[in-house]
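Colleague: I have a new chain to learn from. Could you walk me through it, one question at a time?

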Amino acid sequence: TMVLDFPLSTIVAAPLLSFAISFFSILWLIKRKADWVLDLPNLRSLHSVPVPRIGGLGLLFGVIITWLFFSVIMPTPVWIGIGLLLSISLIDDIWHAPIWCRLLVQGMVAAGFSTALLLNIYGWMTVVCITVAIVWMSNLYNFMDGSDGLAGGMTVIGFGYYGLFAYLAGDYDFAVINFSIAAAAMAFLFHNFYPARIFLGDVGAIPLGFLAAVLGILGWVNNLWSIWLPLLVFSPFIVDSTVTLIKRLLRGEKIWQAHREHYY
C-alpha cells in the first residue's frame, strides 16, 4: 500500500545513515583482518592473494539498522528469510556448510515467503515457480560475485532502480527500503573496487540475491511495477548465470564446482 504521509526527508536521511553505518562497519572488518574468513584463490578466482570474504556482514548490518531505525514496513517472512540466510551463509563462509544444508534453508525460506504472500491469490503453481526463482536468484547472485566491484555495482544499480520506481509510484516506505540497500552497497564499493580489500562472501551475496527476488515480487504484488521489471533490472546477472549453467549442464560438467566461464 502507498504511504502518502511519509516524510520525504527520510528518503534522503535513510540512505545516508545506511551508507555511513555500512562504510565504517566494513572498514572495521578490514582492520580486524578477518583471517578466519579468507577467500583463497581458486580456479574461479580473479584475485591472486587471500582476501577477507565477510564484507556482506557490514553491508547488511547498515541496511538492517537503518530499516529498524526508520521503522519500515516489511513482511515477516522477509525478516525471517534474511535472518536464516545470514546465519547459514555465515556458517558456510567460516566452516563450509554442506550444499544440501544450504539449499534446504534456502528452499524453506523461499517456500515460506511464497506460500505466505502468494498462495491465496495466485495458487500453488505460482508458489512453486516463485520458490524456485527465489532460490535460483539467491545462488546466481553468489555465482556472479567473482570480480571486484561487480556484485556491489549490480546491487547499487538494481536496488537503486527499485527505489526509484517505488518513489515514482508513491510508495515512499518501499523506496526507503531499496535506497538503503543501494546506499550500503555504494559504501561497500569504496572497499571493493580494484584492488578489493574485502569481498561480499556468501553472507552478503545470498541474502542480497534473496532480496533482489522478494522485493521485486513485492513491488509486483503491490502494483508498483510489472513482473518484467525485476527480470530486466537484474538481467546482467540472470542471463549470465542461467546461460552459463545450461551450457555446463549440456556438457555434463559438475555445475557446483568453481569455474571461470561466466561472461563477465
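**Fold, core and contacts**

Modeller: Gladly. Keep in mind that this is a predicted model.

Colleague: How many helices and strands does the chain have?

Modeller: Read the elements from the N terminus on. The order is α-β-β-α-α-α-α-α-α-α-α-α. Counted up, that comes to 10 helices and two strands.

Colleague: What share of the residues in the chain is buried?

Modeller: Buried means under 20% relative accessible area. The chain has 264 residues. Buried residues make up 53%.

Colleague: Which helix gives the most to the largest nonpolar core?

Modeller: The largest nonpolar core has 71 residues. Those with the most contacts inside it include Leu59, Tyr141 and Phe234. With 12 residues, the helix that gives the most to this core is H7 (residues 172-192).

Colleague: Which residues does phenylalanine 234 touch, leaving out those up to four places away in sequence?

Modeller: Phenylalanine 234 is among the residues with the most contacts inside the largest core. Phenylalanine 234 is also buried. Its partners are Met137, Tyr141, Met154, Gly158, Phe159, Tyr162 and Ala212.

Colleague: Now the rings. Why do tryptophan 136 and phenylalanine 143 count as edge-to-face?

Modeller: A search of the whole structure finds 17 aromatic pairs. In this one the ring centres are 5.8 Å apart. Planes over 60 degrees apart count as edge-to-face. Here the planes stand at 65 degrees, so the pair is edge-to-face.

Colleague: How far apart in sequence are the parts tied together by tyrosine 162 and phenylalanine 234?

Modeller: These two rings also form an edge-to-face pair, 5.5 Å centre to centre and with 70 degrees between the planes. Tyrosine 162 lies in helix H6, while phenylalanine 234 is in the loop between helix H9 (228-233) and helix H10 (235-250), so the pair ties together parts that are apart in sequence by 72 residues.

Colleague: Which residues form one aromatic cluster with Tyr162 and Phe234?

Modeller: Tyr162 and Phe234 are both buried. They belong to one aromatic cluster. The other members are Tyr141, Phe159, Phe174, Trp225 and Phe237.

Colleague: Let's turn to charges. How many residues apart in sequence are the parts joined by arginine 53 and aspartate 93?

Modeller: Side chains of opposite charge can pair when their charged atoms come close. Arginine 53 and aspartate 93 meet in a salt bridge, 3.5 Å from N to O. Arginine 53 lies in the loop between strand E2 (51-52) and helix H2 (55-69), and aspartate 93 in helix H3 (residues 76-95), so the parts they tie together are apart in sequence by 40 residues.

Colleague: The structure holds two salt bridges. In the one between aspartate 92 and arginine 102, which helices are tied together?

Modeller: The side chains of aspartate 92 and arginine 102 meet at 3.6 Å, N to O. Aspartate 92 is buried, with a relative accessible area of 7%. Arginine 102 is partly exposed at 24%. The helices that hold them are H3 and H4 (residues 99-122).

Colleague: On the surface, how much accessible area does the nonpolar patch with Ile157 have?

Modeller: Isoleucine 157 sits in helix H6 (residues 150-169). Its relative accessibility is 47%, so it counts as partly exposed. The patch also includes Leu8, Tyr161 and Phe165. Together, the patch residues have about 660 Å².

Colleague: Which residues are joined by a cis peptide bond?

Modeller: Most peptide bonds are trans. This cis bond has an omega of about -10 degrees. One partner lies in the loop between H7 and helix H8 (202-221). The bond joins tyrosine 194 and proline 195.

Colleague: Is histidine 96, with its positive phi, buried or exposed?

Modeller: Most residues other than glycine have a negative phi. Histidine 96 has a phi of about 60 degrees although it is not a glycine. Histidine 96 lies in the loop between H3 and H4. Its relative accessibility is 56%, so it counts as exposed.

Colleague: Where is asparagine 223?

Modeller: Asparagine 223 has a positive phi of about 60 degrees too. At 68% relative accessibility, asparagine 223 counts as exposed. Its place is the loop between H8 and H9.

Key:
Residues numbered from 1 in each chain as written. Predicted model: local features only at pLDDT ≥ 70, side-chain atom pairs only at ≥ 80, totals over all residues. Heavy atoms only, no water. Patch = residues over 30% accessible without salt bridge, like charges linked within 9 Å, V, L, I, M, F, W, Y side chains within 5 Å. Areas by Shrake-Rupley, 256 points an atom, 1.4 Å probe, with all protein chains shown as cover. Salt bridge = Lys/Arg side-chain N within 4 Å of Asp/Glu carboxyl O. Helix = DSSP H or I, 4+ residues; strand = E, 2+ residues; numbered from the N terminus. Buried < 20%, exposed > 50% of the residue type's maximum accessible area, 1.4 Å probe, protein only. Phe/Tyr/Trp six-rings, centres within 6.5 Å; stacked < 30°, edge-to-face > 60°. Core = buried A, V, L, I, M, F, W, Y, C linked by side-chain atoms within 4.5 Å. Contact = heavy atoms within 4.5 Å.
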